[in-house]
Amino acid sequence: MLTQRLGLIYCSVLCLSFVSCLKAAETADLIFQNGKVITLDGRSQIAEAVAVRAGKILAVGDDRDMDRLKDNQTRVINLGGKTVIPGLIESHVHALRAARGELIQPHQELNSVAEVQAWIRERASELPVGRWISVPRTDITRLKERRHPTPAELDAACTTHPVHLNAARKDVLNTRGFELLGIRGTGDQLAGARILFDERGKPLMLEGGSAAIRKLIPRESVSDAETRAALKRLHAIYNSVGITSILERGSGVEEYREYEQLKAQNELTVRMTMTIRQQLRSAAAVEAFTKKLGLITGDGDDWVRVGPLKISVDGGIHWGNTRLSERYGEKRRQFYNLEDADYQGDLYYSRELMEEVFEAGQKLGWQMCCHATGDGSVNEILTALEQVSQRMPLAGRRFCITHAYFPTVESVKRSKALGVCYDTQTYLFYRDADAINAIYGTDWVNRFMGLKTFVDGGVPVAINSDHMNGFDPDHSMNAFNPFLAMYIAVSRKDIEGQIFGPAQKLSREQALRCMTTDAAYISFEEKIKGSLEPGKLADLVVLDRDYLTCPEEEIRQIKPVLTVLDGKIVFDAAESGRE
């Protein structure tokens, strides 16, 4: 049978033990029946029906088991054979940032120099002459040309406005923009900047000097009320793709209070766990920050809660400063316009300083989290944790590394011993794998986003988007459609359909667990969410096709029919006009 090949079990008496122990008064508010319910419980069982009461799952089982849970107040939804999955957990977003950014300038995904030029021309037509134009974030790994646009190309798009584009830690401006900075040719300087000139002595780009650029480009602001309204719209879009919980992966106490206010006004349609980000550089700083903050991991409730304390240990593959275990070499240095022949990437914390900060945070009760994209930075973190583990137990601390794009069997083995877990972003593989293959090489791309290495090594890993700009689920920075994320994990295909590192493919169930049970685990929430079991939160999604059996290419096309949060429907495709 197909379900046996998938390692799943149909169980006709799945719910009998649950239902038999229910009191007669425990009737359901809502029952979904005549469906295919992927429970993701410990035995990967599939059921036909789910009963909900007071925001929690009352029972899971066969249709006939639900009869005793009904009364005249129970709403029954006939699924008509549709598939139900647990509510999806988007474990790495910057939703507040995206909401504010969309108000200031809507994001548009740009894939070539020609598209950049077309966007600039359109923007110039909307703005008064002389106003600065800032191009939406555009990574050179994702441009067809795989390079920065030149000032001449920006001039070809617009000469009436100064134009600014930032990518890979370099700023490119059109001629008018460079002139406003006082840069016209060889010999001109800008404080804190390295200026790259072409063979004619004309400026090409800047490395550094961002303070001078910020002074020239007016900062636009939006009100708290506008931001809150935009955030609610974004949360509704999350609901429309099946997301019921998010982890804000790098914010502060003000953002946490914003979510508390939404909850108090009963305006939240996602559950939120907040990662507090602060580049603390001593044990004393950790202690002082924690005291002033007045929060610690676990504070809050099922709607709004405090997650880990996060520091950034290295840079990124898009910026050209991810910390590697080897020198960048000529090809990578040329691509990122780097000078140092010995460069391995940036490391913002020494091993000794990491030890100090990790130990201080965990003594105070923090779950700790690190931004680390390269294998070199991950190795340094693991070594620091191994030193800390000699002085205090780390079991159960669930130290989390976010990104970790190039895992190895050895690093995963060390992580398993330390109880370290991970979250990583499949959309980056989708958009960047071909560039990684060309710039880093075959060995690197084969383990880029190496999900199977984590899973086979028994290390929990969540997949997510790192969504930071835009409201389009499929075309944001970065796209947050969870079914696209799972399709990438299952297929190992990039945006052009090329397969890199096929040995890293996950099964469909494994990919789904990376957005449910494993995503719940990394935030200590696996007892209340991530699977459909009695007593857990009634967060679930009804799909328009069978995730487990539809053709592989259709996984990314899956659309939710209903999204249910706390036992209430927060998205209905029929009402949205999508059906």
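**Figure 1. H371 and its partner in a parallel strand pair.** H371 stands opposite T402 in β19. This view, like the others here, comes from a predicted model. The strands involved are β18 (residues 368-372) and β19 (residues 400-403), which run parallel and are joined by 4 bridges. Between them in sequence comes helix α13 (residues 375-389), and β18, α13 and β19 together make a right-handed β-α-β unit. Helix α13 lies across β18, β19 and β20, and its direction is at about 155° to that of β18.

**Figure 2. One strand further along, from β19 to β20.** T402 appears again here, now opposite D423 in β20. Strand β20 (residues 421-425) runs parallel to β19, and 3 bridges join the two. Here too the strands belong to a right-handed β-α-β unit, with helix α14 (residues 409-418) between β19 and β20.

**Figure 3. The open sheet of 8 strands.** Which order do the strands follow in this sheet? Reading across, the order is β9-β15-β16-β17-β18-β19-β20-β21, and the pairing is parallel. The edges are taken by β9 (88-93) and β21 (461-464); each has a single partner strand, so one side of each is left without a neighbour in the sheet. From one strand to the next, the twist averages 25°. At the β9 edge, the partner is strand β15 (residues 243-251), paired with β9 in the parallel sense over 4 bridges. Within this pair, E90 stands opposite I246 of β15.

**Figure 4. E248 and its surroundings in β15.** Is E248, a residue of strand β15, buried or exposed? Its relative accessible area is 1%, so E248 is buried, the cut-off for that label being under 20%. Setting aside residues up to four places away in sequence, E248 touches V93, H94, A95, L96, Y259, M272, T273, M274 and T275. For a sense of scale, the C-alpha atoms of E248 and H318 are separated by 21 Å, with these positions 70 residues apart along the chain.

**Figure 5. The crossing of helices α8 and α9.** Two packed helices are described by the angle between their axes and the distance between the axes. For helix α8 (residues 224-240) and helix α9 (residues 253-264), the axes come within 12 Å and cross at roughly 75°. The two helices α8 and α9 are therefore roughly perpendicular to each other. On the α8 side the contact is made by R228, L231, K232 and H235, and on the α9 side by E258, Y259, Q261 and L262.

**Figure 6. Two separate nonpolar cores.** In soluble globular proteins, nonpolar side chains tend to be buried together. Here the largest nonpolar core has 133 residues, and those with the most contacts inside it are I120, Y259, F358, I381, I401, Y422 and Y547. Which residues does Y547 contact, leaving aside neighbours within four places in sequence? They are T83, M486, V490, R508, A511, L512, I555 and I558. A second core, separate from the largest, has 18 residues, including V52, L532, V542 and L562.

**Figure 7. The open sheet of 4 strands.** This sheet has the order β6-β5-β2-β7, with mixed pairing. Strands β6 (56-61) and β7 (75-78) stand at the edges with a single partner strand each, so one side of each has no neighbour in the sheet. The twist averages 15° from one strand to the next. Strand β2 (residues 30-33) pairs with strand β5 (residues 49-53) in the antiparallel sense over 3 bridges, and F32 stands opposite V50 in β5.

**Figure 8. Backbone geometry worth a second look.** Most residues other than glycine have a negative phi, and most peptide bonds are trans. A54 has a positive phi of about 50° although it is not a glycine; this residue lies in the loop between β5 and β6. With 65% relative accessibility, A54 counts as exposed. N337 also has a positive phi, near 60°, and is placed in the loop between α11 (329-336) and α12 (351-364). At 24% relative accessibility, N337 counts as partly exposed. The peptide bond from M477 to N478 is cis, with omega near 0°, and N478 is found in the loop between β21 and α18 (482-491).

Conventions:
Residues are numbered from 1 along each chain as its sequence is written. This is a predicted model: local features need pLDDT of at least 70, side-chain atom pairs count only at pLDDT 80 or more; totals for chains, interfaces and linings use all residues. Side-chain values use heavy atoms; hydrogens and water are left out. Two strands pair if DSSP finds at least two bridges between them. Axes are lines fitted to C-alpha atoms, for helices over the stretch in contact, and angles run from 0 to 180 degrees between N-to-C directions. A nonpolar core is a set of buried Ala, Val, Leu, Ile, Met, Phe, Trp, Tyr and Cys residues joined through side-chain atoms within 4.5 Å. Buried means under 20% relative accessible area, exposed over 50%, partly exposed in between (1.4 Å probe, protein chains only). Contact means heavy atoms within 4.5 Å. A crossover is right-handed if, with the strands pointing away from the viewer, the path from the first strand over the helix to the second runs clockwise. Angles under 35 degrees count as roughly parallel, over 145 as roughly antiparallel, 65 to 115 as roughly perpendicular and the rest as oblique.
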